[in-house]
Amino acid sequence: MGAGSNVSEPPVGFGEPARDAVPLAAVRTRWLRPRSGGLLALALAIAALPLLLANNYFYEIAILVALNAIVCVGLNLLIGYAGQISLGHAGFFALGGYGSAILSAQHGWPSALSLPASTLAVAVLAYVVGRSTLRLKGHYLAMATLGLGVIASIVLATEDKITGGPDGMAVPPLAVAGWALQGERTWYWVVGGVLLLAVWLALNLIESPAGRALRALHGSETAAQTLGIDAARHKLRVFVISAVFAAVAGALMAHYAGFITPAKASFMHSVELVIMVVFGGMASVFGAVVGALVLTTLPQLLTVLKDYEMMVFGAVLVATMVFFPQGIVPTLARALASRRGRGGAS
Amino acid sequence: MTLLAVENLGKSFGGVHAIEELSFAFERGAVHSIIGPNGAGKTTLLNLLTGLYVPEQGRVRLDGQDLTGAPPHRWAAAGIGRTFQNLQVFFNMTALENVMTGRHLIERDALWATLIRAPSLVRAEADTRAVALELLAQVGLAGWADSPADAMPYGALKRLEIARAMAAQPKLLLLDEPAAGLNPTEAQDIDALIKRLAGDGTTVVLVEHNMKLVMGVSDHLLVLDHGRKLAEGTPEQIRSNPAVIEAYLGVADAQPEAEHA
């Protein structure tokens, strides 16, 4: 409803409002409330999925899905809640991976230490980039991250003494307390656990004063500011969190695959991540997971179309914008909620 | 005692002076009204008093603290709250969440506590919810708590903005035409609400076209004309001020108060 444009029937009087419509949004939020269902459903899905995974190839895809989902959950906070776009999240992903790879392979750091150190470094980098651009109105962050991603991929490909150049570099396995994580099945449980953790953290952020502040900025930045909400600070925090999620996923990917190449930092990879978020549903944590699931498995199913992969992604983006601009999960959730609402009323 | 001191304030848009050489002081604990015809600069002044506009000249001090040039969130932190003539409700939230957002400055906001949903945060949220429900009840919206704001009627949204601003417990509360677009009964309710707020010690600044409401609740009036101060004083002084009568009160009385909504 436009502000004040639609002067509907005035309220009957103080204290006794006339209520007839079922508040759809209320039904929807209750249905998707984190501590009632969503998180549990995701945990069950992760626990039950191995029943369907016939061999290591399927495990590999599932791990890939989970890693992309971790990035998307973070990126979704930025796009869906802070209203900002990053076109360089593949850069954070790759830098997280390379950082941990270089520290562990060339400097002999234990991987249990190189992973957090690399993540911290990416967080600092994101803070520096975000701090200077998020104070400005408009899409400067998209520009800055686009540049950052391109620079990252060039540097990773050309500094071959450190990074192994375009061919990439070998990465030692992740070892926790002397126990090396190896094998698809072990890794499946590790990334599944990290994904659950990422979703839990994201839901906590959304259902908090900070999450409310972000939604307030989305609803009316003017009003939010006059309530003491510092727009730049809140956007910056979310940007750094999303970069951290990407860096952790990138580092896990590097240690899991035992190998990393500069292609991970490519602009196209950044765009793929954004498409996953938009397709799954902006401002929907579970939408980000679904987006990552669908758009990670789709290319595997359509291997014959390998050369046209980006075209397929482009088509998915256009179709999403045209047919369900809210994204697939919020659209389905709303359809379900309105059906329930009608069923309850009649 | 002076709460808000404005000195020689000036703001223009493309060469047109919206506010010019304006100085005044508002006392603590009173109800102040700013009146004047459309285009007198009332809303511009409120935007200057909340940091949404940066003045070209002059200073604004709250409780002695110079806020000139500070970003809006710092004005809020200093203790200034407001409502908007053109509603600025968070339409993507429920009524309750709107008011809970008003507690942003009061609730603690440590990132680690937020991310792991620490018990301290859960308790603070429960407090905020309770306070917000109480405020909704105070403005007569108790039954609307879980309604999405975009499903609420205009009159309820006006009161929702007041509850949201009250949630921040401001020292100075600016109300921009709270009665605009309301029927006489609702305007009376606003009148009672303003009196209750002032009674609780909040300093209220009211911008309003409804002269009955203004004269009824105000301790002190500031009359603007073309961005300058025309007169200042108690309702009696303003009512008997020949210049004001001639230029403004007649005009304002002849216009239905809803016109500006």
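**Exercise 1. Determine whether Arg28(B) is buried, partly exposed or exposed in this predicted model, and describe its surroundings.**

*Solution.*
Step 1. Count the neighbours: Arg28(B) has 14 C-beta neighbours inside 10 Å.
Step 2. Apply the cut-offs: a buried residue needs 20 or more such neighbours, and an exposed one has 12 or fewer. Arg28(B) therefore counts as partly exposed.
Step 3. Place the residue in the chain: Arg28(B) sits in the loop that links strand 2 to strand 3 (31-35) of chain B.
Step 4. List the contacts. When residues up to four places away in sequence are left out, Arg28(B) touches Met1(B), Leu3(B) and Thr203(B).
Step 5. Add a distance to Trp75(B): the two residues are separated by 47 residues in sequence and by 17 Å in space, C-alpha to C-alpha.

**Exercise 2. State which strands pair with strand 1 of chain B, and in which sense.**

*Solution.*
Step 1. Consider strand 2 (residues 16-27) of chain B. It runs antiparallel to strand 1 (residues 2-13) of chain B, and eight bridges join the two.
Step 2. Identify partners across this pair. Ala5(B) has Ala25(B) as its bridge partner in strand 2 of chain B, and Lys11(B) stands opposite Ile19(B) in strand 2 of chain B.
Step 3. Examine the turn. The hairpin of strands 1 and 2 of chain B has two residues between the strands, and Gly14(B) takes a positive phi near 55° there.
Step 4. Consider strand 4 (residues 57-62) of chain B. Five bridges connect it with strand 1 of chain B, again in the antiparallel sense. Here Leu4(B) faces Leu62(B) of strand 4 of chain B.

**Exercise 3. For Asn8(B) and Glu21(B), give the value of phi and explain the exposure class of each residue.**

*Solution.*
Step 1. Take Asn8(B), which belongs to strand 1 of chain B. Its phi is near 50°, a positive value in a residue other than glycine.
Step 2. Classify Asn8(B): because 12 C-beta neighbours lie inside 10 Å, Asn8(B) counts as exposed.
Step 3. Take Glu21(B), which belongs to strand 2 of chain B. Although not a glycine, Glu21(B) has a positive phi of about 45°.
Step 4. Classify Glu21(B): with 14 other C-beta atoms within 10 Å, Glu21(B) is partly exposed.

**Exercise 4. Describe the open sheet of six strands in chain B, from strand order to helix packing.**

*Solution.*
Step 1. Write the order: the strands of chain B follow one another as 6-7-8-3-9-10, and their pairing is mixed.
Step 2. Find the edges: strand 6 (80-82) and strand 10 (228-233) of chain B each pair on one side only.
Step 3. Give the turn between neighbours: on average, neighbouring strands of this sheet are turned by 20° against each other, direction ignored.
Step 4. Examine one pair. Strand 9 (residues 220-225) and strand 10 of chain B run antiparallel and are joined by five bridges. Within this pair, Asp225(B) has Arg228(B) of strand 10 of chain B as its bridge partner.
Step 5. Add the helix. Helix 7 (residues 184-199) of chain B packs on the sheet and touches strand 3, strand 7 (172-176) and strand 8 (203-207) of chain B. The direction of helix 7 of chain B makes about 150° with that of strand 8 of chain B.

**Exercise 5. Characterise the packing of helix 5 against helix 6 of chain A.**

*Solution.*
Step 1. Recall the description: two packed helices are described by the angle and the distance between their axes.
Step 2. Supply the values. The axes of helix 5 (residues 111-133) and helix 6 (residues 140-158) of chain A come within 9 Å and cross at roughly 145°.
Step 3. Assign the hand: the crossing of these two helices of chain A is right-handed.
Step 4. Name the residues in contact. Helix 5 of chain A contributes Val129(A), Gly130(A) and Thr133(A), which meet Tyr140(A), Leu141(A), Ala144(A), Thr145(A) and Leu148(A) of helix 6 of chain A.
Step 5. Sort them by class: the contact has five nonpolar, three polar and no charged residues.

**Exercise 6. Summarise the make-up of chain A and its largest nonpolar core.**

*Solution.*
Step 1. Count the elements: chain A has 15 helices and four strands.
Step 2. State the burial: 47% of the 346 residues of chain A count as buried.
Step 3. Consider contacts between residues at least 6 apart in the sequence of chain A: 78% of these join residues at least 24 apart.
Step 4. Describe the core. The largest nonpolar core has 173 residues, and Ala69(A), Ile70(A) and Val73(A) have the most contacts inside it. Helix 11 (residues 231-257) of chain A gives the most to this core, with 18 residues.
Step 5. Examine Ala69(A): residues up to four places away in sequence aside, it touches Leu195(A), Ala288(A), Val289(A), Ala292(A) and Leu293(A).

Technical notes: Residues numbered from 1 in each chain as written. Chains lettered and ligands numbered in written order. Predicted model: local features only at pLDDT ≥ 70, side-chain atom pairs only at ≥ 80, totals over all residues. Pairing = 2+ DSSP bridges. Axes fitted to C-alpha atoms, helices over the stretch in contact; angles between N-to-C directions. Left-handed = near helix turned anticlockwise from the far one by under 90°. Contact = placed C-beta atoms within 7 Å. Nonpolar A, V, L, I, M, F, W, Y, C, P; charged D, E, K, R; others polar. Core = buried A, V, L, I, M, F, W, Y, C linked by C-beta atoms within 7 Å.
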